[in-house]
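Please look through the structure below at your own pace, turning it until you can follow the chain from one end to the other. The paragraphs after it lead from single residues to the open spaces between the helices and strands.

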Amino acid sequence: MFGLEALDLARMQFAFTVSFHIIFPAITIGLASYLAVLEGLWLKTRQEVYRDLYHFWSKIFAVNFGMGVVSGLVMAYQFGTNWSAFSDFAGSVTGPLLAYEVLTAFFLEAGFLGVMLFGWNRVGPGLHFFSTVMVAIGTLISTFWILASNSWMQTPQGFEIVDGRVIPTDWFAVVFNPSFPYRLMHMATAAFLATAFFVGASAAWHLLRGRDNPAIRKMLSMAMWMALIVAPVQAFIGDLHGLNTLKHQPAKIAAMEGHWDNSHGEATPLILFGWPDMEREETRFKVEIPYLGSLILTHSLDQQVPALKEFPKEDRPNSTVVFWSFRIMVALGLAMILAGVWSLWLRWRGGLFSSRPFLYFCLWMGPSGLIAILAGWFTTEMGRQPWVVYGLMRTSEAVSQHSVAQLSLTLVMFVVVYFAVFGAGFAYLMRLVRKGPVTDEGKEQGTGGPGQQRTPARPLSAADESADDDTSGDALGTRN
């Protein structure tokens with residue numbers, strides 16, 4: 001297929017499925033915590049706006065959660081079908097870690113999800129809030145185990161190799177491997193930011209259409225507070241993560257920087273833009289700033305950053321891809337910080353909800369968090385190459401013995417099915433977003449709260465009415 005080998009197709013297939021999947025857990029993680037905050041504020045203040053937002057975003061959460069579960073199952077099967085050699089080599093580590101995720105996180109989420117979505121009028125307010133919090137904690141526990149498994153592949157420790165297989169000797173060392181704390185913080189924070197800009201873009205869209213009410217304003221306000229506070233924190237975490245990567249995966253850092261060789265005694269410049277050429281072993285058309293590479297990556301003005309030519313050709317990541325995926329992630333992170341600072345200035349000027357340039361900026365920044373997550377994962381996974389378990393097993397040794405024809409057929413089938421199934425799901429999510437939260441202006445009064453008489457929430461019927469009709473019926477299933 002287009003001159004590609006079976007290994008290339010297997011990698012493309014896994015990259016395609018993981019790229020689809022990671023979008024849904026990222027939003028699930030952020031929305032679950034957002035819902036817990038909204039219900040907590042509702043119980044504390046009894047302000048209707050928090051209840052309205054809870055019901056609105058719980059529908060989007062339910063659909064997103066379902067798509068995340070389905071897309072995640074496919075990835076788990078691919079370990080056995082396309083990467084059986086890897087499963088045979090490292091399954092004694094990755095298998096239990098994924099099993100712990102199911103036992104501790106998925107069961108927790110599934111156990112309380114029904115109460116959270118359908119128990120608004122069936123259980124007391126305390127139990128309902130507890131269920132929402134448990135679902136939120138479950139998403140974070142799931143993140144913990146998934147990142148532990150993936151981080152071990154990046155910086156493996158706590159094992160020995162017996163008869164060509166990895167045997168765990170210290171589970172604490174396996175889980176809390178050198179890159180795990182940084183990657184866990186980086187991913188969880190990225191999920192919160194991605195959700196914040198998704199929520200903020202939804203509010204901006206409604207405000208630009210002239211739909212201005214307390215619920216919409218609260219959505220934008222909360223999203224921008226998150227951007228203002230968390231985006232700079234994410235930059236700090238990213239710096240710590242970079243220092244850790246420099247220590248344990250220096251070839252990845254060299255590829256991210258497009259840095260090929262070191263001059264004698266000179267500090268490393270920062271290459272802002274350029275085109276790393278793997279064949280010519282140089283970064284062409286580069287624009288660089290002297291000393292800044294050393295300052296950022298080593299926090300000094302004299303230490304040098306490892307260069308790609310210091311590593312054998314067969315051990316070098318594809319710098320062309322990693323260089324640009326990293327810059328996309330950083331550029332979007334800086335744009336998030338800009339959005340937070342801009343929002344603070346507008347709050348002071350009293351124009352947060354009326355500045356059309358800012359609202360359009362928020363609207364266009366809606367997918368920025370998800371794009372940054374994808375770019376970050378491409379940087380992480382492509383930067384690990386040519387290793388599937390860093391320093392222990394090459395990717396070429398991990399793939400199953402399938403033919404090019406078999407992998408070509410299944411890749412095409414994945415593309416067709418994923419775009420059909422998840423495309424429909426995405427369209428439904430966007431319809432829910434366009435519908436917007438139904439406030440007291442668009443529903444009957446006296447709907448009460450947890451423990452009071454009302455019909456259960458209906459996650460899959462929330463967009464029955466036309467998305468353009470903001471007040472037709474009760475889209476949240478809250479009629480008496």
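Helices (H or I, at least four residues) and strands (E, at least two) are DSSP runs, and they are numbered from the N terminus. Residues are numbered from 1 along each chain as its sequence is written, and side-chain values use heavy atoms, with hydrogens and water left out. This is a predicted model, in which local features need pLDDT of at least 70 and side-chain atom pairs count only at pLDDT 80 or more, while totals for chains, interfaces and linings use all residues.

A good place to begin is Thr17, which lies in helix α1. Thr17 has a relative accessible area of 0%, and therefore counts as buried (buried means under 20% relative accessible area, exposed over 50%, and partly exposed in between, with a 1.4 Å probe and protein chains only). Contact means heavy atoms within 4.5 Å, and, not counting residues up to four places away in sequence, Thr17 touches Val74, Met75, Gln78, Phe414 and Tyr418. The side chain of Thr17 also reaches the backbone oxygen of Phe14 at 3.0 Å, a polar contact (a pair of N or O atoms within 3.5 Å; within protein, one must be able to donate a hydrogen and the other to accept it, and residues adjacent in sequence count only if both atoms are side-chain atoms).

Phe14 and Met75 appear again in the largest pocket, where they are among the residues nearest its centre, together with Val18, His21 and Ile146. On a 1 Å grid over the protein atoms alone, a pocket is an open set of points where a 1.4 Å probe fits, with protein on both sides within 12 Å along at least five of seven lines, and lining residues have an atom within 4 Å of a point. The volume of the largest pocket is about 1,600 Å³, where a volume is the space filled by probe spheres set on the points, and grid points are joined across faces, edges and corners. Of its 48 lining residues, α1 gives the most, with 13.

The second largest pocket holds about 1,200 Å³ of space. It is lined by 46 residues, and His186, Gly238, Phe326, Met329 and Val330 are the closest to its centre. Here the largest share of the lining, 11 residues, comes from α10.

Now turn to the loops, beginning with Arg316, which lies between α9 and α10. Arg316 is buried, because its relative accessible area is 12%, and its side chain reaches the backbone oxygen of Phe311 at 3.0 Å. Leaving aside neighbours within four places in sequence, Arg316 is in contact with several residues, including Trp260, Glu281, Gln385 and Pro386.

Three of these lead to unusual backbone geometry. Most residues other than glycine have a negative phi, and most peptide bonds are trans. A cis peptide bond, with omega of about 10°, joins Gln385 and Pro386, and Pro386 lies in the loop between α12 and β5. Glu281, in the loop between β3 and β4, has a positive phi near 55°, and Glu281 counts as buried because its relative accessibility is 18%. Tyr291 has a positive phi as well, near 70°, and is found in the loop between β4 and α9.
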